[in-house]
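Visitor: I'm new to reading protein models. Could you walk me through this one, feature by feature?

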Amino acid sequence: MYCGSCIHDNTLASALMELGHDVALIPTYTPMRTDEDSVAMEKIFFGGINIYLQHKSSIFRHMPRFLERWLNSPKLLKYVSRFAGSTNAHDLGGLTADMLHGEAGHLKRELDELTGWLRDEYRPDIIVLTNSMLLGLARQLRKECGVPVLCELQGEDIFIDDLIEPYKSEVMKELYERSRDVDGFIATSEYYADYMAEYLHAPRERVHIVPLGIHLEGHGQHIGPGRGQEDLFTIGFLARVCPEKGLHLLAEAFRILAEKLGRERVRLRAAGWLGEKDRPYLEELEQKIESWGLGDGYDYAGEVDRQQKIAFLSEVDVLCVPTVYREPKGLFALEALANGTPVVLPDHGALPELVDRTRGGILVKPNDPASIAAGLESLYHDPARREVLARQGRLAVHQSYSARTMAENTAKVFKRFVG
């Protein structure tokens, strides 16, 4: 799928390259998939098939290197990943723990290969792990490469909290211990910096904040034909389709709004990646929408690439992603605002920070369809306010949330550690 963390990392790496820095963006598990041109290496470390087999049986920890290279080949991993392998925390607890065991675990052979390549061939000045579930790599990388190691924090607590026992306790124990092996952390919001410092039992001053940034090319260049029609209010939802992102809450708000305004005056458009695990969730939700008599006012566009995403955001009147969990980033909000689309977001996680700093939207009570509907209705009745929010949000994102600004701020953090 198009993963928000992968998109963020690819955007950051490419922007750092544009500033003149030498960056190796190293894929793990499977090839990276982003909606922009990937700058990731072809070579994959900790290939998903390979580490799963090594985790399951000691036989595979001594396989010939040529077979290991074949299992790690990008073509094979890309082909296999088409079959919707599970990323369910209930199924991957043991493997998550094994990754955190690092040099003391079953995947030491893979860690040795990565360490050797970094130490002997690439020779970095600094190493950045892209989430805390990779903290098991830090101790050996820091010792063997002799450079600072940082760790990004990007919402992995949601996955960790869903682990089943005994894996959850094992993972948390390793996280507390391994968090001491890195020189510092990077979070994208004040909220998540505070939250993860407590979550990892790490001193807050070790967590540095670098706000999100996006490549602005193409964003905000046109307004689509569906926006601003006097008698039609189009609500957009753009995120992974799953219960955590709250499409069911928005659907309930859509029903409330349609009853108040008339079903011919309101429309709900959704887009985003749908995994096999969540297909029953969407099917049940769409059946409800049909039973409410609102099927004609709803459509699901499926997964969209970058150009389709920009077009989608340019055509809706507002974007609403009422996440059930406390969103740590909110990339979808920046993308909407970049196209002059106001946002209606739950008042939790990092989202209040984004709304406060961009002045491009309103906040509603989390997990409350009535509050979501009331927020949407207030903007329906006040197109002038929508226009002000759109203008303020677009200006703020284009001035302060570019990929270049994110890269410059990240480089400043790096310089604290490499002199």
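Visitor: Let's start with the open sheet: in what order do its six strands come, and is the pairing parallel or antiparallel?

Guide: Here's the general idea: strands of a sheet pair through backbone hydrogen bonds, either parallel or antiparallel. This model is a predicted one, by the way. In its open sheet the six strands run in the order β9-β8-β7-β10-β11-β12, and they pair in parallel. The edges are taken by β9 (298-300) and β12 (361-364), each with a single partner strand, so one side of each has no neighbour in the sheet. From one strand to the next, the twist averages 25 degrees.

Visitor: Can we zoom in on one pair? How many bridges join β10 and β11?

Guide: Two bridges, in the parallel sense, link β10 to β11 (residues 343-346). Look for Cys320, which stands opposite Val344 in β11.

Visitor: Which strands of the sheet do the helices α11 and α13 touch?

Guide: Take α11 (residues 247-261): this helix packs on the sheet and touches β7, β8, β9 and β10, with its direction at about 165 degrees to that of β8. Helix α13 packs on the sheet too, touching β7, β8 and β10, and its direction makes about 145 degrees with that of β7.

Visitor: Which residues of α13 are buried?

Guide: A handy rule first: an α-helix has 3.6 residues a turn, so residues three or four places apart point the same way. In α13 (residues 306-315), the buried ones are Arg306, Lys309, Ile310, Phe312, Leu313 and Ser314. Their cover includes β7 (233-238), β8 (266-271), β10 (318-320) and α14 (331-338). While you're there, check the start of α13: a side-chain oxygen of Asp305 comes to within 3.3 Å of the backbone nitrogen of Gln307.

Visitor: What about β5: which of its residues lie on one side and which on the other?

Guide: In a regular strand the side chains alternate between the two faces of the sheet. For β5 (residues 184-187), Gly184 and Ile186 are on one side, Phe185 and Ala187 are on the other, and all of them are buried, so both faces are covered. β5 pairs in the parallel sense with β4 (residues 149-152) over three bridges, and also with β6, again parallel and over three bridges. Ile186 is a nice landmark: Glu152 stands opposite Ile186, and Ile186 stands opposite His208 in β6.

Visitor: How do I describe two helices that pack together, say α1 and α18? At what angle do they pack?

Guide: Two packed helices are described by the angle between their axes and the distance between the axes. For α1 (residues 4-18) and α18 (residues 403-418), the angle is about 80 degrees and the axes are 8 Å apart. The two helices are therefore roughly perpendicular to each other. On the α1 side you'll find His8, Thr11, Leu12, Ala15 and Leu16, meeting Ala403, Arg404, Met406, Ala407, Thr410, Ala411 and Phe414 of α18. Sorted by class, that contact has eight nonpolar, three polar and one charged residues.

Visitor: And how far apart are the axes of α16 and α17?

Guide: The axes of α16 (residues 369-380) and α17 (residues 383-400) are 6 Å apart, and the helices pack at about 100 degrees. That makes α16 roughly perpendicular to α17. Ser378, Leu379 and Tyr380 of α16 make the contact with Pro383, Arg385, Arg386 and Leu389 of α17. Here the classes are four nonpolar, one polar and two charged.

Visitor: Now for some backbone oddities. Which residues does a cis peptide bond join?

Guide: Most residues other than glycine have a negative phi, and most peptide bonds are trans. The cis bond here joins Glu165 and Pro166, with omega about 10 degrees. Pro166 sits in the loop between α8 (157-161) and α9 (167-178).

Visitor: What is the phi of His201, and is that residue buried or exposed?

Guide: His201 has a positive phi of about 60 degrees, though it isn't a glycine. Find it in the loop between α10 (190-199) and β6 (207-209). Its relative accessible area is 56%, so His201 is exposed. Asn367, in the loop between β12 and α16, also has a positive phi, near 55 degrees. With 43% relative accessibility, Asn367 counts as partly exposed.

Technical notes
Residues are numbered from 1 along each chain as its sequence is written. This is a predicted model: local features need pLDDT of at least 70, side-chain atom pairs count only at pLDDT 80 or more; totals for chains, interfaces and linings use all residues. Side-chain values use heavy atoms; hydrogens and water are left out. Buried means under 20% relative accessible area, exposed over 50%, partly exposed in between (1.4 Å probe, protein chains only). Helices (H or I, at least four residues) and strands (E, at least two) are DSSP runs, numbered from the N terminus. Contact means heavy atoms within 4.5 Å. A polar contact is a pair of N or O atoms within 3.5 Å; within protein, one must be able to donate a hydrogen and the other to accept it, and residues adjacent in sequence count only if both atoms are side-chain atoms. Two strands pair if DSSP finds at least two bridges between them. Axes are lines fitted to C-alpha atoms, for helices over the stretch in contact, and angles run from 0 to 180 degrees between N-to-C directions. Angles under 35 degrees count as roughly parallel, over 145 as roughly antiparallel, 65 to 115 as roughly perpendicular and the rest as oblique. Ala, Val, Leu, Ile, Met, Phe, Trp, Tyr, Cys and Pro count as nonpolar, Asp, Glu, Lys and Arg as charged, and the others, Gly among them, as polar.
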